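Got your viewer open? Load the model, pick a cartoon view, and let's walk through it one selection at a time.

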Amino acid sequence: MPDTILDKVAARNPGAVEQCLARYGDLLWSLARRWSPTTSDAEDAVQEIFVDLFRYAPRFDPQREPSEATFIAMIARRRLIDRHRKHTRQVKTIPIDATGSVPVAMPLP
C-alpha cells in the first residue's frame, strides 16, 4: 500500500491527483507567484510544475528525501528557475514604424 501522495500518483491510484492538488496546490501557487511577473504566468507555471510532479513521482524515495514537501518544492524551484531564465533570455525587439522603415541604430540595453 503506497504511503505518500507521490507514491499514489506514481501508482495512478484514483483520487491521487486530487489529493496532490489539495495538499500541495497552495505551496506551489505561493512559489509561482513569487517567481512570476503576472498571475497568468504563475498559473502556467503551476500547471507545468504539476505535470513535472506526475512525471517525476516515481523517483520520490522517502528514504533519501527529507520529506515529500521538500521533494515537491525542489521540482517547483527547478521549473521556476527554468522559466525565469527563458523569460530573461528573450530577444529584445524594436517595432517598425507605420512606414515600414527600420531604425538606423539599435539602442543598447
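Here is a tour that starts with the whole chain and then goes from helix to helix.

**Stop 1: the whole chain**

Before you click on anything, keep in mind that this is a predicted model. Colour by secondary structure and you'll find 4 helices and 0 strands. Start at the N terminus and follow the chain: the order of elements is α-α-α-α. There are 109 residues in the protein chain, and 28% of them count as buried. How much of the contact in this chain joins residues at least 24 apart? Counting contacts between residues at least 6 apart in sequence, the share is 53%.

**Stop 2: a loop residue with an unusual angle**

Select Arg 12, which you'll find in the loop between α1 and α2. Check its backbone: phi is positive, about 60°, even though Arg 12 is not a glycine. Is Arg 12 buried or exposed? With 62% relative accessibility, Arg 12 counts as exposed, since the cut-off for that is over 50%.

**Stop 3: the nonpolar core**

Now go inside. In soluble globular proteins, nonpolar side chains tend to be buried together. The largest nonpolar core here has 22 residues, and Cys 20, Leu 28 and Leu 53 have the most contacts inside it. Two or more residues of this core come from each of α1 (5–10), α2 (16–35), α3 (39–56) and α4 (68–88).

Show Leu 53 as sticks. Setting aside residues up to four places away in sequence, what does Leu 53 touch? The answer is Cys 20, Leu 28, Ile 72 and Ile 75.

**Stop 4: α2 against α3**

Select α2 and α3 together. Their axes come within 10 Å and cross at roughly 135°. That angle makes α2 oblique to α3. If you like handedness, α2 passes α3 in a right-handed crossing. To see the contact, show side chains on the α2 side, including Val 17, Cys 20, Tyr 24, Leu 28 and Trp 29, and on the α3 side, including Ala 42, Val 46, Ile 49, Phe 50 and Leu 53. Colour the contact residues by class and you get 14 nonpolar, 2 polar and 2 charged.

While you're here, pick Ala 32, which sits in helix α2. Is Ala 32 buried or exposed? Its relative accessibility is 0%, so Ala 32 counts as buried. Draw a distance from the C-alpha of Ala 32 to that of Ala 42: the two residues are 10 apart in sequence and 5.0 Å apart in space. Neighbours within four places in sequence aside, Ala 32 is in contact with Ala 42, Ala 45, Val 46 and Leu 80.

**Stop 5: α2 against α4**

Keep α2 and switch the other selection to α4. These two helices pack at an angle of about 30°, with axes 10 Å apart. Why do α2 and α4 count as roughly parallel? Angles under 35 degrees fall in that class, so the packing angle of about 30° makes α2 and α4 roughly parallel to each other. The crossing of α2 past α4 is right-handed. For side chains to display, try Tyr 24, Leu 27, Leu 31 and Trp 35, which are among those in α2, along with Ala 69, Ile 72, Ala 76 and Ile 81, which are among those they meet in α4. By class, this contact has 12 nonpolar, 1 polar and 2 charged residues.

**Stop 6: α3 against α4**

For the last helix pair, select α3 and α4. Their axes come within 9 Å and cross at roughly 130°. The two helices are therefore oblique to each other, and α3 passes α4 in a right-handed crossing. On the α3 side, look for residues including Asp 41, Glu 48, Asp 52 and Tyr 56; on the α4 side, look for residues including Phe 71, Arg 79, Arg 83 and His 87. What is the class mix of the contact of α3 with α4? It divides into 9 nonpolar, 1 polar and 6 charged residues.

Finish on Tyr 56, in helix α3. At 26% relative accessibility, Tyr 56 counts as partly exposed. Beyond its neighbours within four places in sequence, Tyr 56 is in contact with Phe 71 and Ile 75. Try a distance for one of these: the C-alpha atoms of Tyr 56 and Ile 75 are separated by 8.5 Å, although the residues are 19 apart along the chain.

Technical notes
Residues numbered from 1 in each chain as written. Predicted model: local features only at pLDDT ≥ 70, side-chain atom pairs only at ≥ 80, totals over all residues. Heavy atoms only, no water. Core = buried A, V, L, I, M, F, W, Y, C linked by side-chain atoms within 4.5 Å. Buried < 20%, exposed > 50% of the residue type's maximum accessible area, 1.4 Å probe, protein only. Contact = heavy atoms within 4.5 Å. Axes fitted to C-alpha atoms, helices over the stretch in contact; angles between N-to-C directions. Parallel < 35°, antiparallel > 145°, perpendicular 65-115°, else oblique. Left-handed = near helix turned anticlockwise from the far one by under 90°. Nonpolar A, V, L, I, M, F, W, Y, C, P; charged D, E, K, R; others polar.
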